[in-house]
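This report describes the fold of one protein chain for a reader who has not met it before. Please keep the sequence and the structure in view while reading.

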Amino acid sequence: MNDSSGDAGREEYDVTLEWPDGRSRTLDVRSRESVLNAALREGLRLPYDCRKGTCTTCVGRVVAVADDAVDPASAMDHRRAPRALDPDDLADGYALLCIALPRADCRVAVGPTVRSELGDSPWGR
Ligand code: FES
C-alpha cells in the first residue's frame, strides 16, 4: 500500500490492469518504472514489441483514477515521447505501457480491444 502524503515523491503506485473478460491484476509500480517493466517483474505477461513508444503493441487506456481530482489523461507520464500516439489519443487516456510512468493510482484497460480502438498502424493515421 502506498503512503497517503500526496502524489509528489511517491515511491510507488497501484496500477490495476483490467482485461475485457473481467480479469484484473494490481501492480505495485515503482516511481521510475514503466508499467510494462512492473508487470514483467511480477511475472505477468503483456504484449510488447519495440519498447520505445513507436508501435502500439503495449497500449492501454486509463479508465479511472483513484483521486477523482486527477484527469485520467494525466495519470501517466511517458519516459520519452510516445510517438505512436497523437495528442487526441493521449487526451483520451491511452498510454504506451512500455514507457508509461504512473503518477497516480489508476485502473488501466488492456488487451486487444484497446489496441484495436487505435487502428492497425499508428503510421497510417
Ligand atoms: S512496445 Fe512498442 S510502443 Fe510499447
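In this predicted model, V15 of strand 1 has C106 as its bridge partner in strand 7. Strand 1 covers residues 12-18 and strand 7 covers residues 106-109. The two strands run parallel and are joined by four bridges. C106 also serves as the bridge partner of V65, a pairing that belongs to the contact between strand 3 and strand 7. Strand 3 and strand 7 run antiparallel, again with four bridges between them.

**The sheet**

These pairings belong to an open sheet of five strands, arranged in the order 2-1-7-3-5 with mixed pairing. At its edges lie strand 2 (24-30) and strand 5 (94-96), each of which pairs on one side only. From one strand to the next, the twist averages 35°.

Strand 1 pairs with strand 2 in the antiparallel sense, over seven bridges. Among the bridge partners there, E12 is matched with R30 of strand 2, and T16 is matched with T26 of strand 2. The two strands form a hairpin with five residues between them. In the turn of this hairpin, G22 has a positive phi of about 100°.

The table lists three of the strand pairs described above.

| Strand pair | Sense | Bridges |
|---|---|---|
| Strand 1 and strand 2 | antiparallel | seven bridges |
| Strand 1 and strand 7 | parallel | four bridges |
| Strand 3 and strand 7 | antiparallel | four bridges |

**The chain as a whole**

The chain contains three helices and seven strands. Along the sequence, these elements follow the pattern β-β-α-β-β-α-β-β-β-α. Of the 125 residues in the chain, 34% are buried. Among contacts between residues at least 6 apart in sequence, 60% join residues at least 24 apart.

**The nonpolar core**

The largest nonpolar core has 29 residues, and those with the most contacts inside it are V15, V35, L96 and L97. Strand 1, strand 2, helix 1, strand 3, strand 5 and strand 7 each supply at least two residues of this core. Helix 1 gives the most, with four residues.

Which residues does V15 contact, leaving aside its neighbours within four places in sequence? They are L27, V29, V35, P102, C106 and V108. V35, one of these contacts, is also among the residues with the most contacts inside the core.

In a regular strand, side chains alternate between the two faces of the sheet. In strand 7, C106 and V108 point one way, while R107 and A109 point the other way. All four of these residues are buried.

**A loop residue with positive phi**

R51 is found in the loop between helix 1 (35-41) and strand 3 (59-65). Its phi is near 60°, a positive value in a residue other than glycine. Most residues other than glycine have a negative phi. Is R51 buried, exposed or partly exposed? R51 has 16 other C-beta atoms within 10 Å; a residue counts as buried at 20 or more and as exposed at 12 or fewer, so R51 is partly exposed.

Methods:
Residues are numbered from 1 along each chain as its sequence is written. This is a predicted model: local features need pLDDT of at least 70, side-chain atom pairs count only at pLDDT 80 or more; totals for chains, interfaces and linings use all residues. Two strands pair if DSSP finds at least two bridges between them. Axes are lines fitted to C-alpha atoms, for helices over the stretch in contact, and angles run from 0 to 180 degrees between N-to-C directions. Two residues are in contact if their C-beta atoms, placed from the backbone, lie within 7 Å. A nonpolar core is a set of buried Ala, Val, Leu, Ile, Met, Phe, Trp, Tyr and Cys residues joined through C-beta atoms within 7 Å.
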